[in-house]
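Hello,

Here is the structure I promised to pass on. Have a look at it first, and my notes follow underneath.

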Amino acid sequence: MLDESLLDLVRKHFPQIAEKGLQEEIATVGKLTEYSAGTVIMDVGQYVKMVPLVITGAIKVLREDEDGHELFLYYLQGGQTCSMSFTCCMMNKKSEIRTIAEENTRMIGIPIRYVDEWMTKYQSWKNFVMQTYDYRMMELVRTIDSIAFHHMDERLLAYLDKKAKATNSKIINATHQEIAYDLNASREAVSRLLKQLENDGQLKLGRNKIELK
């Protein structure tokens, strides 16, 4: 049954999904879900059962190696979806990423059986999926470049900038250990660099929080 409130959300937050029939199908089969900050939405090794269309909030996407070390990849924000979930859905693969609500988040979950069907049925859905792949591919290239070519202080600043943009706030609530996990670095190195950046006037440190200047 078509949910008028979902239809309004799709039209407001996903204008690129322009076909009326597609909007109505999403509002019929989609499920509105909410996650509080810190909640693990999808974990490594789980099968993806729904594709997320993020309405509000932010979701952190992480990669984990065989030893359990995590590496931050990117954020999902309002009006976006996760390209890796498309791949897992269409190939029936287990997730190779972990997604965590960075802040209170609302999203529409699309059952996986519709993902491939809509690729041939709706041109705007196909465009949306391909644009998502292209955007995330460039995001991953920038992540690789950051690791390969940038010094740790540059990586740290870029990470803080992305986190600030994802939450729309210059106040970042995170411990030095949490940042170290995301950057796959030692806490001591992160603490030392944060102090150096504070001395340079680029940020101000507080108890479990950082204020960007």
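His 69 sits in the loop that joins β4 and β5. Please keep in mind that this is a predicted model. With a relative accessible area of 42%, His 69 counts as partly exposed, because that value falls between the 20% limit for buried and the 50% limit for exposed. Setting aside neighbours within four places in sequence, His 69 has contacts with Arg 63, Glu 64 and Asn 184. Glu 24 is another matter: His 69 and Glu 24 are 45 residues apart in sequence, and their C-alpha atoms are 42 Å apart in space.

The strands on either side of that loop belong to a sheet. Four strands make up this open sheet, in the order β2-β6-β4-β5, with antiparallel pairing. Its edges are β2 (40-42) and β5 (70-77), each of which pairs on one side only. From one strand to the next, the twist averages 30°. At the β2 end, β2 pairs with β6 (residues 97-101) in the antiparallel sense over 2 bridges, and Met 42 has Thr 99 of β6 as its bridge partner. At the other end, helix α7 (residues 176-183) lies across β4 (58-64) and β5, at about 95° to β5.

Now to the interior. The largest nonpolar core has 27 residues, and those touching the most other members are Ile 26, Ile 108, Ile 110, Trp 118 and Trp 125. At least two residues of this core come from each of α1 (4-13), α2 (20-29), β3 (50-56), α3 (83-91), β7 (105-111), α4 (113-121) and α5 (123-149). Apart from this core there is another, of 22 residues, including Phe 72, Tyr 159, Ala 166 and Leu 203. In soluble globular proteins, nonpolar side chains tend to be buried together.

Ile 110 is a good place to zoom in. Beyond its neighbours within four places in sequence, Ile 110 is in contact with Ile 26, Gly 30, Lys 49, Met 50, Val 51, Leu 53 and Trp 118.

Finally, the aromatics. There are 8 aromatic pairs in the model. One of them is Phe 72 with Tyr 75, a tilted pair at 4.8 Å centre to centre with 50° between the planes; both residues are buried. One aromatic cluster takes in Phe 14, Phe 86, Tyr 114, Trp 118, Trp 125, Phe 128 and Tyr 133.

Happy to talk any of this through whenever it suits you.

Best wishes

How values were computed. Residues numbered from 1 in each chain as written. Predicted model: local features only at pLDDT ≥ 70, side-chain atom pairs only at ≥ 80, totals over all residues. Heavy atoms only, no water. Core = buried A, V, L, I, M, F, W, Y, C linked by side-chain atoms within 4.5 Å. Buried < 20%, exposed > 50% of the residue type's maximum accessible area, 1.4 Å probe, protein only. Contact = heavy atoms within 4.5 Å. Pairing = 2+ DSSP bridges. Axes fitted to C-alpha atoms, helices over the stretch in contact; angles between N-to-C directions. Phe/Tyr/Trp six-rings, centres within 6.5 Å; stacked < 30°, edge-to-face > 60°.
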